[in-house]
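Got the sequence and the model open? Here is a relaxed walk through them, for someone who has not met this structure before.

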Amino acid sequence: MSNSKRLRIAVQKSGRLSDDSIALLKAIGIKLNIRDRLLIAHSTNEPIDLLRVRDDDIPGLVMDGVVDLGFIGENELEEKSLERKAAGKPFEYETLRRLDYGGCRLSIAVPNEMEYEGIQSLEGKEVATTYPYLLERYFEEKGINAKAVMLTGSVEVAPRAGVADAICDLVSTGATLEANGLVEKDEIFRSKAVLIQRADGEISDEKQSLINRLMPRVDGVLLAKE
Ligand code: ATP
Ligand code: ZN
C-alpha cells in the first residue's frame, strides 16, 4: 500500500511519545519541517515523510503496510496486535529497536477500602481499562474469572462512578491513582517506546537500504545517552 518511493514513518502527533520520537529522528540527522496542524511532514534532506497521527493508529498503519516504520509504546502495540489477531487482521511487525523513553507500567489498582489479597480477590469482578486484550490475557494466565470493561478515558474514576470494581491503567508515578483513592496492586505489563517496521515483505530494496543506513545512527544516539 505504501507505494511511495519515500520512506513513511508514523509518529504520535501530540502526546507523551511525540517530542522524544522527533528528537531521535533529528539526532540521527533527518531534517524535518514540521508544521503543527499538518498530518504530513517532509524531510528536506532524506526521502522520508512523517505521518503524525494518534498513537492508537500507529500499530495498524504499520501492520497494514500504510507506513514503513512507526514509533509506538509496547503497551499499545501489544494490545493492538491481540485485537487484530482476534479480528483476523494482519498483526505482524518487526521490532527494530527498543528505545530509552516512554517507560511506564500497566497495573491493576483497587479502591483503598477494598480488601485485596491478590489477584483472586478480583474473581467475578469488573475491571475498567483501555487495554482489555492485555487484561483479559492476564486474567486467563492467572485463571481468574473477571471481566474487562473497556473505557477509552477517565479510567481512574470508574470505581467511584460505580462503573467497575477496580481499574487497570498506565502508571508512571502513581500520583493520579492516589488522587483518586486507588492503590496499585499488580503490574501486568512493563512498557517502553519501540521503533517497529512493517513485516509484510513488501518493502522496496531502496527503502530497506535507507533503514539499514539509519539504524547504526540510532544505536549511536542510544549509546551516547547511556
Ligand atoms: P493520543 O491522542 O495520541 O491517542 P494518548 O492520550 O493515547 O494520545 P499519551 O498519554 O500521550 O497517549 O501516551 C502515549 C504513550 O506514552 C502510552 O501509550 C505509553 O506507552 C506512554 N507513557 C509513558 N508514560 C505514561 C504515563 N504515565 N501514562 C500514560 N502513558 C504513558
Ligand atoms: Zn492514544
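What follows covers the overall build, the strands, the empty spaces and a few single residues.

This is a predicted model, where local features need pLDDT of at least 70, side-chain atom pairs count only at pLDDT 80 or more, and totals for chains, interfaces and linings use all residues. Residues are numbered from 1 along each chain as its sequence is written, chains are lettered from A and ligands numbered from 1 in the order in which they are written, and side-chain values use heavy atoms, with hydrogens and water left out.

**The overall build**

The protein chain has six helices and eleven strands. Helices (H or I, at least four residues) and strands (E, at least two) are DSSP runs, numbered from the N terminus. Along its principal axes, the C-alpha trace spans about 60 × 35 × 35 Å. Of the 226 residues in the chain, 50% are buried. Here buried means under 20% relative accessible area, exposed means over 50%, and partly exposed is in between (1.4 Å probe, protein chains only).

**Strand 7 and its partners**

Two strands count as a pair if DSSP finds at least two bridges between them. Strand 7 (residues 126-129) pairs in the parallel sense with strand 8 (residues 147-150), over four bridges. In this pair, Thr 129 stands opposite Met 150. To get from strand 7 to strand 8 the chain passes through helix 4 (residues 132-142), and this β-α-β crossover is right-handed. That word means that, with the strands pointing away from the viewer, the path from the first strand over the helix to the second runs clockwise.

Strand 7 also runs parallel to strand 9 (residues 166-171), joined to it by three bridges. Look for Ala 128, which stands opposite Ile 167 in strand 9.

**The empty spaces**

How do you find gaps in a model? Rolling a probe the size of a water molecule over the atoms shows where empty space is left. On a 1 Å grid over the protein atoms alone, a cavity is a set of points where a 1.4 Å probe fits but cannot get out, while a pocket is an open set with protein on both sides within 12 Å along at least five of seven lines; lining residues have an atom within 4 Å of a point. Grid points are joined across faces, edges and corners, and a volume is the space filled by probe spheres set on the points.

A search of the whole structure turns up one cavity of 30 Å³ or more. Among the residues lining the largest cavity are Ile 9, Leu 24, Phe 71, Met 215 and Val 218. Helix 1 (18-27), strand 4 (69-73) and helix 6 (205-225) each give two or more residues to this lining.

The largest pocket is lined by 37 residues, and the closest to its centre are Arg 16, Asn 75, Tyr 131, Asp 169 and Leu 170. Two or more lining residues come from each of helix 3, strand 9 and helix 5 (175-179).

Here are the two spaces side by side. For the classes, Ala, Val, Leu, Ile, Met, Phe, Trp, Tyr, Cys and Pro count as nonpolar, Asp, Glu, Lys and Arg as charged, and the others, Gly among them, as polar.

| Space | Volume | Gives the most to the lining | Lining by class |
|---|---|---|---|
| Largest cavity | about 70 Å³ | helix 6, four residues | eleven nonpolar, no polar, no charged |
| Largest pocket | about 990 Å³ | helix 3, five residues | twelve nonpolar, 14 polar, eleven charged |

**A few residues to click on**

Start with Leu 24 in helix 1. Leu 24 counts as buried because its relative accessibility is 5%. Leu 24 and Val 218 are 194 residues apart in sequence, yet 7.5 Å apart in space, C-alpha to C-alpha.

Arg 84 lies in helix 3 (residues 74-86) and, at 8% relative accessibility, counts as buried. Its side chain reaches the backbone oxygen of Pro 90 at 2.6 Å.

Now try the loop between strand 2 (40-42) and strand 3 (48-53), where Glu 46 is found. Glu 46 is buried, at 11% relative accessibility. The side chain of Glu 46 makes a polar contact with the side chain of Arg 213 (3.1 Å). A polar contact is a pair of N or O atoms within 3.5 Å; within protein, one must be able to donate a hydrogen and the other to accept it, and residues adjacent in sequence count only if both atoms are side-chain atoms. Thr 44 is in the loop between strand 2 and strand 3 too, but Thr 44 is exposed, with a relative accessible area of 59%.

Last comes Ser 154, in the loop between strand 8 and strand 9. Ser 154 is not a glycine, yet has a positive phi of about 50°.
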